[in-house]
Amino acid sequence: YDVLNPQEGDQVPQRNEHFQPIVDLVGILKTYYAKDPTMGVFGDLIMDWGIPGLAKPAPDIALIPNVKQKDAARGTFQVVQEGTRPCVVIEVMSPGHSGDDTDKVTIYERAGIAEYFLIKPHLERELPYYSLRGFRLVKGVYREIPRKTGRLLSRSLQLWLELADQGRQVRLTEVATGRRLLTQIETEAARQQEQAARQQEQAARVAAEARATALEQRLRELEKQLPSRT
């Protein structure tokens, strides 16, 4: 009950297998929507649906369109007052805390969340891996999203969700462009790689210029040694 109806300030300890995909996805999505002033990316924000008797969970990740002042301080998102609700919710199942694949499916369905994605950690192996499911609201009822070439389509976000690295990473890809969205770590690694490539290119250019200068100087010296024509 406390997990499904948290209060502001509640803290639930989580394993790294639960925490890491949330950190990665929040970083990706916040970067992706950084220039969109109306798309909010929230984590662990209590949702008050304004529906009597409906539990008010705090989704691991909630994407909410048409938000006014998305960077305003909030402990609870008041759906009725804000005039909008999440279009997509992503939950990472927590070992020892049931409900993500049962109670919350019903809650988000009743709350009118267009799409709900569920990431489940599997701890049976030495290296944990994940499975991925998605639900889409069809005439007020959740239907499981079919897989297309191993991926799940979020129509609301126009992004593909898929597992990579033998199921140890959740990746997002733009439908329109096929561009994969990078985590903050991957973005930094790409930046460093690009910087190193530029430095190598600059060093090669400097070396080539130095060789050309040395060759010109040598040619001038040889010209001085030639006998002058009368």
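Here is a short tour of a predicted model, from the whole chain down to a few residues.

**The whole chain**

Let's start with the big picture. The chain is built from 4 helices and 12 strands. It has 230 residues, and 37% of them count as buried. If you look at contacts with a separation of 6 or more, 56% of them come from residues 24 or more positions apart. As for the outside, the accessible surface comes to about 14,300 Å², and carbon and sulfur atoms account for 50% of that.

**A four-stranded sheet**

Now pick out strands E9, E10, E11 and E12. In that order, these 4 strands form an open sheet with antiparallel pairing. Which strands sit at the edges? They are E9 (152-154) and E12 (180-181), each of which pairs on one side only. Strand E11, covering residues 169-174, is joined to E12 by 2 bridges, and the two run antiparallel. To find your way along that pair, look for Leu172, which stands opposite Leu181 in E12.

**A buried aspartate**

Next, have a look at Asp60, in the loop between strand E2 (46-48) and strand E3 (61-64). Asp60 is buried, yet it has no salt bridge. Why is there no salt bridge for Asp60? A salt bridge needs the charged atoms within 4 Å, and the nearest side chain of opposite charge, Lys104, is 5.9 Å away from Asp60. What does the side chain of Asp60 reach instead? It comes to 2.8 Å from the backbone nitrogen of Val92. Val92 also turns up among the contacts of Asp60, once neighbours within four places in sequence are left aside. The others on that list are His18, Ile22, Phe42, Gly43, Asp44, Ile90 and Glu91.

**Two loop residues with positive phi**

Most residues other than glycine have a negative phi. Two loop residues here go the other way: Lys139 has phi near 55°, and Asp165 has a positive phi of about 55°. Here they are side by side:

| Residue | Phi | Loop between | Relative accessibility |
|---|---|---|---|
| Lys139 | near 55° | strand E7 (129-138) and strand E8 (141-144) | 84% |
| Asp165 | about 55° | strand E10 (159-164) and E11 | 44% |

Are these residues buried or exposed? Lys139 counts as exposed because its relative accessibility is 84%, and the cut-off for exposed is over 50%. Asp165, with a relative accessible area of 44%, is partly exposed. The loop that holds Asp165 also takes you back to the sheet, since it lies between E10 and E11, and both strands belong to the open sheet described above.

Key:
Residues numbered from 1 in each chain as written. Predicted model: local features only at pLDDT ≥ 70, side-chain atom pairs only at ≥ 80, totals over all residues. Heavy atoms only, no water. Buried < 20%, exposed > 50% of the residue type's maximum accessible area, 1.4 Å probe, protein only. Contact = heavy atoms within 4.5 Å. Areas by Shrake-Rupley, 256 points an atom, 1.4 Å probe, with all protein chains shown as cover. Lys, Arg positive; Asp, Glu negative; His and termini not counted. Polar contact = N/O pair within 3.5 Å; in protein donor to acceptor, adjacent residues only side chain to side chain. Pairing = 2+ DSSP bridges.
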